[in-house]
Amino acid sequence: MHPAPKTFELLPGADASPVILHVPHSARTIPAAVRDDILLEDGALARELDHITDAHTIELAEAAAKAAGVTPWRFVNRMSRLVIDPERFPDEREEMLSVGMGAVYTQTTHRAPLRPAGFDPRPLIERYFHPYAQAMTDAVADRLAVTGRAVVIDVHSYPTARLPYELHGDGPRPPVCLGTDTFHTPPELLAQARAAFARTGDAGIDSPFSGAYVPLDFYGKEPQVTALMVEIRRDTYMSEPGGPAGPGLGRLASALAALVDAVTARPGGGAPS
């Protein structure tokens with residue numbers, strides 16, 4: 001009997017590291033039972049995965065972790081975001097529900113039906129979303145207990161051209177977009193990120209995507225849990241929409257490693273005591 005595939009994985013870093021590189025959208029794996037409820041034929045599904053997957057961000061985080069002076073922890077989603085999106089609210093608080101992209105997607109990036117009308121998301125939420133959220137909560141709690149702070153750096157990518165599902169895609173699309181949260185992204189952390197990514201081109205803020213992921217147990221409550229979303233425009237490191245990585249990946253990994261080093265060395269990556 002084959003073991004069940006891992007749906008997510010916590011890859012340990014150094015005990016002294018407060019940093020968790022969170023990679024939620026890099027995988028393309030869809031279990032057969034989940035695939036059965038997706039309306040797209042195989043070719044169309046492959047094209048949708050090309051558009052929706054943050055390709056090569058697992059490799060980006062891995063290279064950055066190896067290059068960092070103090071190895072960060074990595075929390076990696078091993079399932080496609082078409083199974084569940086762990087960074088969405090699982091209820092009516094999620095604004096992306098308006099385009100069929102809550103925690104369980106019912107529409108594609110181009111606003112076509114992905115799942116049948118009336119699809120019940122609750123089994124997928126129970127099977128995949130809640131265990132993921134709990135494991136990420138535990139990982140953050142562990143860093144907080146061991147180091148006194150936790151810094152969640154979300155590693156994402158985004159397409160050069162706006163896709164129809166984007167609610168706020170009419171603003172600038174810089175080489176690197178830094179997503180912030182008013183409570184969990186202190187000015188020092190944002191400054192460290194802008195300095196680290198200056199070598200890769202302009203780093204914009206909160207356009208075309210904003211916000212930063214923090215487990216709900218800590219969200220808006222624990223200032224020693226800080227967070228930043230790093231959104232990398234895909235043409236800077238790969239062939240779009242779903243092609244191979246290019247030399248830009250190495251430059252971006254070096255920049256991400258520099259951010260990890262800065263945050264680890266300087267407690268500005270966490271809120272002041």
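These legends walk through several close-up views of a predicted model.

**View 1. The largest nonpolar core, and who sits in the thick of it.** This core counts 35 residues, and the members touching the most others are Leu178, Phe197, Leu256 and Leu259. Several elements chip in with two or more residues each: the strands are E2 (19–23), E4 (150–158), E5 (176–179) and E7 (225–233), and the helices are H3 (57–67), H5 (187–197) and H6 (248–265). Which element gives the largest share of this core? That would be H6, with nine residues.

**View 2. Phe197 and its company.** Let's stay with one of the residues that touch the most other core members, Phe197. Setting aside neighbours within four places in sequence, Phe197 is in contact with Val176, Leu178, Ala203 and Val230, and also with Leu252, Ala255, Leu256 and Leu259. Elsewhere there is a second, separate core of 30 residues, which includes Ile30, Leu40, Leu82 and Met101.

**View 3. Helix H6, from end to end.** How far apart are the end C-alpha atoms of H6? They are 26 Å apart, which agrees with the 26 Å that 18 residues should span at 1.5 Å a residue. Plenty of names turn up on the buried list of H6: Gly248, Leu249, Leu252, Ala253, Ala255, Leu256, Ala257, Leu259, Val260, Val263 and Thr264. The cover over these buried residues includes the strands E2, E4, E5 and E7, along with the helices H3 and H5.

**View 4. The largest pocket.** Here we look into a pocket holding about 1000 Å³ of space. Its lining takes in 43 residues, and those nearest the centre of the pocket are Glu87, Arg88, Phe89, Glu94 and Ser210. Helix H4 (122–147), E4 and E7 each give two or more residues to the lining. H4 gives the most, with five residues. Sorted by class, the lining has 19 nonpolar, 13 charged and 11 polar residues.

**View 5. A closed-off space.** Now for the cavities: how many are there of 30 Å³ or more? The count comes to one. About 40 Å³ of space lies in the largest cavity. Around that space sit Thr7, Phe8, Asn77, Met79, Val83, Ile84, Tyr128 and Tyr132. Six of these lining residues are nonpolar and two are polar, with no charged ones. As background, rolling a probe the size of a water molecule over the atoms shows where empty space is left.

**View 6. Asp54, tucked into a loop.** Asp54 is in the loop between H2 and H3. Is Asp54 buried or exposed? With a relative accessible area of 1%, Asp54 is under the 20% cut-off and therefore counts as buried. Leaving out residues up to four places away in sequence, Asp54 touches His25, Ser26, Arg81, His156, Ser157, Arg234 and Tyr237. For a sense of distance, Asp54 and Ala258 are 204 residues apart in sequence, and their C-alpha atoms are 21 Å apart in space.

**View 7. Glu41 between two helices.** Look for Glu41 in the loop between helix H1 (32–35) and helix H2 (42–52). Glu41 counts as partly exposed because its relative accessibility is 46%, which falls between the 20% and 50% cut-offs. Beyond its neighbours within four places in sequence, Glu41 is in contact with Arg35 and Arg47.

**View 8. Two cis peptide bonds.** Most residues other than glycine have a negative phi, and most peptide bonds are trans. Ser207 and Pro208, though, are joined by a cis peptide bond with omega of about 10°. Pro208 belongs to the loop between strand E6 (203–205) and E7. Another cis bond runs from Glu240 to Pro241, where omega is near 0°. You'll find Pro241 in the loop between E7 and H6.

**View 9. Positive phi without a glycine.** His56 is not a glycine, yet its phi is positive, at about 70°. This residue, His56, lies in the loop between H2 and H3. Asp206 is not a glycine either, and it has a positive phi of about 60°. The loop between E6 and E7 is where Asp206 lies. At 30% relative accessibility, Asp206 counts as partly exposed.

Technical notes: Residues are numbered from 1 along each chain as its sequence is written. This is a predicted model: local features need pLDDT of at least 70, side-chain atom pairs count only at pLDDT 80 or more; totals for chains, interfaces and linings use all residues. Side-chain values use heavy atoms; hydrogens and water are left out. A nonpolar core is a set of buried Ala, Val, Leu, Ile, Met, Phe, Trp, Tyr and Cys residues joined through side-chain atoms within 4.5 Å. Buried means under 20% relative accessible area, exposed over 50%, partly exposed in between (1.4 Å probe, protein chains only). Helices (H or I, at least four residues) and strands (E, at least two) are DSSP runs, numbered from the N terminus. Contact means heavy atoms within 4.5 Å. On a 1 Å grid over the protein atoms alone, a cavity is a set of points where a 1.4 Å probe fits but cannot get out, and a pocket is an open set with protein on both sides within 12 Å along at least five of seven lines; lining residues have an atom within 4 Å of a point. Grid points are joined across faces, edges and corners, and a volume is the space filled by probe spheres set on the points. Ala, Val, Leu, Ile, Met, Phe, Trp, Tyr, Cys and Pro count as nonpolar, Asp, Glu, Lys and Arg as charged, and the others, Gly among them, as polar. The expected span of a helix is 1.5 Å times one less than its number of residues.
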